[in-house]
Amino acid sequence: MSSSIFILPGWGVEPALYCALAPGAECFDYGFFSPEEAPMRYPENTCASGRTIIAHSMGTAFALRCAASDPTVKELILFNAFPRFAYAADFPCGWKTGDITALKNGMEKNASVTLKHFYRNCAFPDKVRIDVPAILNRAALLEGLDFLATFDFRALLASVRCPVTVLRSREDRIVNEEMSSFSVGGPLAVKEFESGHFLPFSGKAREVF
């Protein structure tokens, strides 16, 4: 793989951890681990023009938006994907407002401990150890949670015409099967694994590459 690959990470995970998925690829940085309390950075709709996008968790939402807006995107490979995250009357499988609020409150009180617990839930049931970074940009992390609580890209799905592969985990504690069940306007393939939310780091999905 080469720089023809663009990676969009998940919320609260260091971009460098995704490098093993596609050595030499460009990986977007939301600024979650910046030494400055700066706002979160958002990928532009044309950030992956002419390229394949590999995305995980929150990054899959941005990947879907990019592909819907930019017909030159070649392909999407989506780990633990969702076009919406939060509960709605027509999306009852999403995270409840209170659960997102509890995560935000935890980040405000003790971001390191909260991320440690989040990583444990993401890793289950695999033995994946990811340490909490020493430097956290809490402002950006909280903004990321605000994004997850409000965005809804379901209306964009019909405009996604490139091939899409969704890699889903049967034991995912963060994204349930209903959240990751959607159709797009182009070819769609779904592959399931006995894994958790940290599927990209478990080694079980390497056959995709």
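Two strands are taken as paired if DSSP finds at least two bridges between them. In the predicted model examined here, strand β3 (residues 52-56) and strand β4 meet that requirement, being joined by 5 bridges and running parallel. Within this pairing, H56 stands opposite F79 of β4. The connection between the two strands passes through a helix, and β3, α1 and β4 together make a right-handed β-α-β unit. On its other pairing, β4 is joined by 4 bridges to strand β5 (residues 164-169), again in parallel, and F79 stands opposite L167 in β5. F79 of β4 is thus placed opposite H56 and also opposite L167 of β5. Strand β4 (residues 75-79) is mostly covered, with 4 of its 5 residues buried.

These pairings belong to an open sheet of 6 strands, whose order is β2-β1-β3-β4-β5-β6 and whose pairing is parallel. The edges are occupied by β2 and β6 (188-193), each of which has a single partner strand, so one side of each is left without a neighbour in the sheet. At the β2 edge, strand β1 (residues 5-8) is joined to β2 by 2 bridges, the two strands running parallel, and the bridge partner of I7 in β2 is C27.

The largest nonpolar core contains 77 residues, of which W11, L76 and L78 touch the most other members. The largest share of this core, 8 residues, is supplied by helix α1 (residues 58-69). In soluble globular proteins, nonpolar side chains tend to be buried together. Once neighbours within four places in sequence are left aside, W11 is in contact with F32, M58, L103, M107, L115, F118, L141, G144, L145 and L148.

One of these partners of W11, F32, is located in the loop between β2 and β3. Despite its place in a loop, F32 is buried, with a relative accessible area of 2%, a value that falls in this class because buried means under 20%. When residues up to four places away in sequence are not counted, F32 touches G10, W11, G12, M40, M58, L136, N137, A140 and L141. M58 and L141 are included in the contacts of F32 and also in those of W11. The C-alpha atoms of F32 and R65, by contrast, are separated by 21 Å, the two residues lying 33 residues apart along the chain.

Aromatic side chains form a further set of contacts, with a count of 18 aromatic pairs. Among them, Y42 and F147 form an edge-to-face pair, with 6.2 Å from centre to centre and 70° between the planes. Y42 lies in the loop between β2 (26-27) and β3, whereas F147 lies in helix α4, so the pair ties together parts that are 105 residues apart in sequence. The two partners differ in their exposure class, since Y42 counts as partly exposed at 36% relative accessibility, while F147 counts as buried at 10%. Both residues belong to one aromatic cluster formed by F28, Y30, F32, F33, Y42, F62, F82, F85, W95, F147, F151 and F153. Another aromatic ring, that of F124, has the charged end of R173 sitting over it, 3.6 Å from the ring centre.

Several backbone features were also noted. Most residues other than glycine have a negative phi, and most peptide bonds are trans. The peptide bond from F124 to P125, however, is cis, with omega near 5°, and P125 lies in the loop between α3 (111-123) and α4 (138-150). A positive phi, near 50°, is found at S57, a residue other than glycine, whose place is in the loop between β3 and α1. S57 counts as buried, at 8% relative accessibility. N80, likewise a residue other than glycine, has a positive phi near 55° and is found in the loop between β4 and α2 (97-109). With a relative accessible area of 1%, N80 is buried.

Definitions and conventions
Residues numbered from 1 in each chain as written. Predicted model: local features only at pLDDT ≥ 70, side-chain atom pairs only at ≥ 80, totals over all residues. Heavy atoms only, no water. Core = buried A, V, L, I, M, F, W, Y, C linked by side-chain atoms within 4.5 Å. Buried < 20%, exposed > 50% of the residue type's maximum accessible area, 1.4 Å probe, protein only. Contact = heavy atoms within 4.5 Å. Right-handed = clockwise from strand over helix to strand, strands pointing away. Phe/Tyr/Trp six-rings, centres within 6.5 Å; stacked < 30°, edge-to-face > 60°. Lys NZ or Arg CZ within 6 Å of the ring centre and 35° of its normal.
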